[in-house]
Number of protein chains: 2
Amino acid sequence: MINQKTVKLGTVRSSIRELFEYGKKRKAEIGEDKVFDFSIGNPSVSAPTEVSDALVDIIKTYDPVLLHGYTSAQGDFSVRKTLAEYINARFDTSLDADCLYLTCGAAASLTIAFNALLNSGDEVLVPAPFFPEYRVFIEHAGGKFLAVDGVVNTFQLNLEKLESLITPNTKAVLINSPNNPSGVVYPEKDIKLLCEILEKYSKKFGNPIYLISDEPYRELVYDDGIKVPYVMNYYAHSLVCYSYSKSLSLPGERIGYIAVNNQMPEFKEVYASICGAGRVLGFVCAPNLFQQLIKKAYNVTSDISIYKNNRDRLYSILKDCGYQVVKPDGAFYMFVKSPEEDSKSFCERAKKYELLIVPGDDFGGKGYARVSYCVLPETIEKSAAAFRALAESYKLI
Amino acid sequence: MINQKTVKLGTVRSSIRELFEYGKKRKAEIGEDKVFDFSIGNPSVSAPTEVSDALVDIIKTYDPVLLHGYTSAQGDFSVRKTLAEYINARFDTSLDADCLYLTCGAAASLTIAFNALLNSGDEVLVPAPFFPEYRVFIEHAGGKFLAVDGVVNTFQLNLEKLESLITPNTKAVLINSPNNPSGVVYPEKDIKLLCEILEKYSKKFGNPIYLISDEPYRELVYDDGIKVPYVMNYYAHSLVCYSYSKSLSLPGERIGYIAVNNQMPEFKEVYASICGAGRVLGFVCAPNLFQQLIKKAYNVTSDISIYKNNRDRLYSILKDCGYQVVKPDGAFYMFVKSPEEDSKSFCERAKKYELLIVPGDDFGGKGYARVSYCVLPETIEKSAAAFRALAESYKLI
């Protein structure tokens with residue numbers, strides 16, 4: 001018998017992938033423009049032209065033996081140095097190159113961090129709603145995944161609830177802001193309070209509780225005055241998992257990093273463990289061409305005004321139809337309240353109107369559904385009638 | 001306490017990396033051309049011009065949203081289809097796209113395969129000498145790594161020894177031919193005999209023993225008439241882990257695949273488990289730009305005649321100095337017999353002559369040292385006097 005856990009995880013698709021595959025089939029049946037596919041978080045906006053230009057320039061001018069050769073496992077020193085300086089200038093930290101570990105994207109950042117930090121049975125608290133793969137990553141690293149319900153209807157951190165779940169086995173808290181699937185940003189006051197709680201229990205139990213911030217959506221924030229706090233400014237035992245997948249529209253190229261806060265006393269041990277975890281998982285190094293790319297394009301983003309317009313238009317359509325939904329501050333998702341208790345049944349009914357939206361159950365958000373608006377503006381425009389008909393079927397209007 | 005296993009693996013470098021870092025320091029001290037660095041397996045030959053041309057063409061002509069977007073976790077269907085057809089034409093197999101799973105290189109292929117196949121405590125037999133990271137990958141996947149001594153002085157498979165180590169817990173045998181660190185190729189008659197043994201014990205114990213063939217060096221074979229057998233032609237329960245790191249000189253870009261033999265009855269379960277393992281380890285998909293590249297460059301290789309010339313020249317230097325060494329058929333390594341029992345002491349003495357060669361101990365080859373000849377031809381030429389002086393210090397000449 002081979003490993004039945006991985007057999008199961010390879011057989012049962014995630015609810016997102018399941019619906020995405022259904023969508024591909026349905027589009028082939030009735031036509032691409034007849035299906036309103038809000039299932040997946042694949043950026044719909046092109047990488048900025050700086051990306052193509054820089055890639056071509058690098059390929060044409062660098063020594064190919066060096067360009068395509070191994071870098072150190074942590075990543076090319078000069079790339080890490082550039083990024084550390086950028087982070088310091090932007091967030092008033094004092095990182096150096098050796099605080100950064102370049103990875104094959106956010107998922108790799110997370111599996112490496114969990115494998116580096118967790119011993120078997122360690123608990124990780126994850127505020128809901130959350131990206132469903134977190135559970136898979138934490139459990140495979142030997143950890144225990146514990147969801148923490150958020151504040152009802154706002155999806156903000158429920159710090160009282162979180163505090164009540166801390167035990168001597170709590171090794172880490174994982175946050176994701178701007179959030180997938182709700183789009184909310186956790187405000188500074190809550191991050192401060194969270195860090196105070198973690199400080200208190202780290203002292204009480206004599207073991208640090210790590211704060212891991214998963215930040216693939218950091219650059220996707222749409223309103224002036226919305227600030228995404230940088231956890232290192234508030235808490236020493238913190239790690240930031242970053243990815244260029246969404247900010248540069250490069251999800252298929254797998255490039256990101258882990259930044260380890262050098263203010264934690266055991267910094268060297270944690271960084272070494274990150275290196276060890278990358279090694280045992282088989283990562284070797286992040287793709288070198290894309291390492292060199294981000295050295296040039298670290299402060300560039302795709303045109304996110306398209307997502308902002310999508311958000312505004314979709315939000316207004318949904319509100320006009322009588323749906324309950326929190327206006328998201330960032331990312332490219334909305335978490336809509338299901339008009340009936342069972343959100344799976346709601347999403348099934350939505351399919352009849354060719355609307356593909358994902359039930360919130362796997363996101364720790366029963367009774368809600370995720371709508372990904374990283375789509376063409378036309379898709380949103382054309383979907384309005386379908387959202388209205390679906391609302392009418394529930395007598396929302 | 002964080003995970004002490006990964007702390008240790010991130011703190012204690014592999015013996016190869018250790019020497020490589022020493023070499024960098026030493027070169028800075030006495031000059032690049034004064035140090036004869038035979039420590040690491042980083043290709044010294046450029047990627048072929050087809051690679052740069054294809055990359056630029058792809059970047060300039062493909063839709064960036066698709067090009068840099070997620071592919072399915074297994075890899076782009078059309079890429080897998082192209083590779084399956086190529087493998088079928090070359091090795092007379094009948095694979096289809098869904099037998100292939102594209103990976104971030106050979107290390108990823110191996111960690112995914114081990115995590116997919118192994119349950120805790122399962123044994124993997126690995127003929128010595130072997131690449132030291134195999135132990136790390138197998139143990140982290142919960143397996144038990146068991147080295148099988150090779151035939152003395154030839155480094156060929158010792159099938160009697162291997163058979164004697166098979167137990168009901170044997171889940172897999174991992175082979176690597178052309179071999180790192182010896183450069184030998186296992187001939188067809190031995191592969192056939194190995195497969196007969198595995199067939200016999202799979203039946204006896206009622207559980208398949210998988211044969212995993214790690215093939216990053218398949219294309220690096222230097223003499224007419226040397227054939228690297230394709231394991232799928234001899235055994236149903238076989239998987240091939242392939243990488244373009246050495247054949248296309250792209251080790252830093254992380255692109256390769258796992259091919260699962262569809263002749264095994266439980267093929268679907270094994271392939272699903274590969275998908276599940278890739279998911280839990282955080283791989284998401286292989287870098288898409290390089291997926292598209294290999295669709296165009298699958299039958300191209302770097303100029304390996306440079307390695308052949310290096311091999312011939314280095315072999316003749318070493319023989320002239322009185323060293324015992326088997327002439328390698330492929331890869332870019334030679335495994336030289338240490339003139340004293342302790343090969344670590346031999347490699348330390350070599351350092352005094354600015355020769356950086358790696359003790360064989362971690363490769364399961366005590367009493368030998370690995371010499372990587374993926375270097376500039378000048379390095380070999382200039383190293384001749386140092387090898388001679390080292391031999392004289394042992395009174396070999």
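These are my notebook entries on a predicted two-chain model.

**Ground rules**

The model is predicted, so I ask for pLDDT of at least 70 for local features and 80 or more for side-chain atom pairs, while totals for chains, interfaces and linings use all residues. Residues are numbered from 1 along each chain as its sequence is written, chains are lettered from A and ligands numbered from 1 in the order in which they are written, and side-chain values use heavy atoms, with hydrogens and water left out.

**Entry 1: the two copies**

I began by laying chain A on chain B, using least squares on the C-alpha atoms of residues with pLDDT of at least 70 in both. The fit has an RMSD of 0.0 Å, with a turn of 180° and a shift of 0.0 Å along the axis. The two copies are thus related as by a two-fold rotation axis. In chain A, Val56(A) has the C-alpha nearest that axis, at 2.9 Å.

Which surface do the copies use to meet? I found that 100% of the interface residues of chain A are also interface residues in chain B, so the copies meet through the same surface.

**Entry 2: helix H11 of chain B**

Next I looked at H11(B), which covers residues 288–297. Helices here are DSSP runs of H or I with at least four residues, strands are runs of E with at least two, and both are numbered from the N terminus. I call a residue buried under 20% relative accessible area, exposed over 50% and partly exposed in between, with a 1.4 Å probe and protein chains only.

By that count, eight of the 10 residues of H11(B) are buried. Among them are Leu289(B), Phe290(B), Leu293(B) and Ile294(B). What do the buried residues pack against? Their partners include helix H11 (288–297) of chain A, as well as helix H3 (49–61) and strand E2 (100–103) of chain B; contact means heavy atoms within 4.5 Å.

**Entry 3: salt bridges**

I counted a salt bridge wherever a side-chain nitrogen of Lys or Arg lies within 4 Å of a carboxyl oxygen of Asp or Glu. The structure holds 44 of them over all chains. I picked out three pairs in chain B, then a network in chain A.

- Lys24(B) and Glu21(B) meet at 3.7 Å, N to O. They sit three residues apart in helix H2 (residues 15–30), so about one helical turn separates them. Lys24(B) is partly exposed at 45%, and Glu21(B) is partly exposed at 22%.
- Asp190(B) pairs with Lys189(B), with the closest N and O atoms 3.0 Å apart. Asp190(B) is buried at 8%, whereas Lys189(B) is exposed at 56%.
- Lys351(B) pairs with Glu348(B) at 3.2 Å between the closest N and O atoms. Both lie in helix H13 (residues 343–352), three residues apart, about one turn of the helix. Glu348(B) is partly exposed at 45% relative accessibility.
- Shared partners join Asp223(A), Lys308(A), Arg311(A), Asp312(A) and Lys327(A) into one salt-bridge network.

**Entry 4: cavities**

I searched a 1 Å grid over the protein atoms alone; a cavity is a set of points where a 1.4 Å probe fits but cannot get out, and lining residues have an atom within 4 Å of a point. Grid points are joined across faces, edges and corners, and a volume is the space filled by probe spheres set on the points. The search finds five cavities of 30 Å³ or more.

The largest holds about 90 Å³. Which helix gives the most to its lining? Helix H5 (residues 77–91) of chain B does, with four residues. The lining includes Tyr230(B), Tyr242(B), Tyr244(B), Tyr257(B) and Tyr298(B). I sorted its residues into eight nonpolar, no polar and four charged, where Ala, Val, Leu, Ile, Met, Phe, Trp, Tyr, Cys and Pro count as nonpolar, Asp, Glu, Lys and Arg as charged, and the others, Gly among them, as polar.

The second largest cavity holds about 40 Å³. Ser177(A), Ser213(A), Glu215(A) and Arg218(A) are among its lining residues. That lining divides into six nonpolar, two polar and two charged.

**Entry 5: Lys161(B)**

Last, I checked Lys161(B), which is found in helix H8 (residues 159–165) of chain B. Lys161(B) is partly exposed at 35%. Leaving out residues up to four places away in sequence, Lys161(B) touches Val148(B) and Asp149(B). Val148(B) is 13 residues away in sequence, with 6.7 Å from C-alpha to C-alpha.

How values were computed
On a 1 Å grid over the protein atoms alone, a cavity is a set of points where a 1.4 Å probe fits but cannot get out, and a pocket is an open set with protein on both sides within 12 Å along at least five of seven lines; lining residues have an atom within 4 Å of a point.
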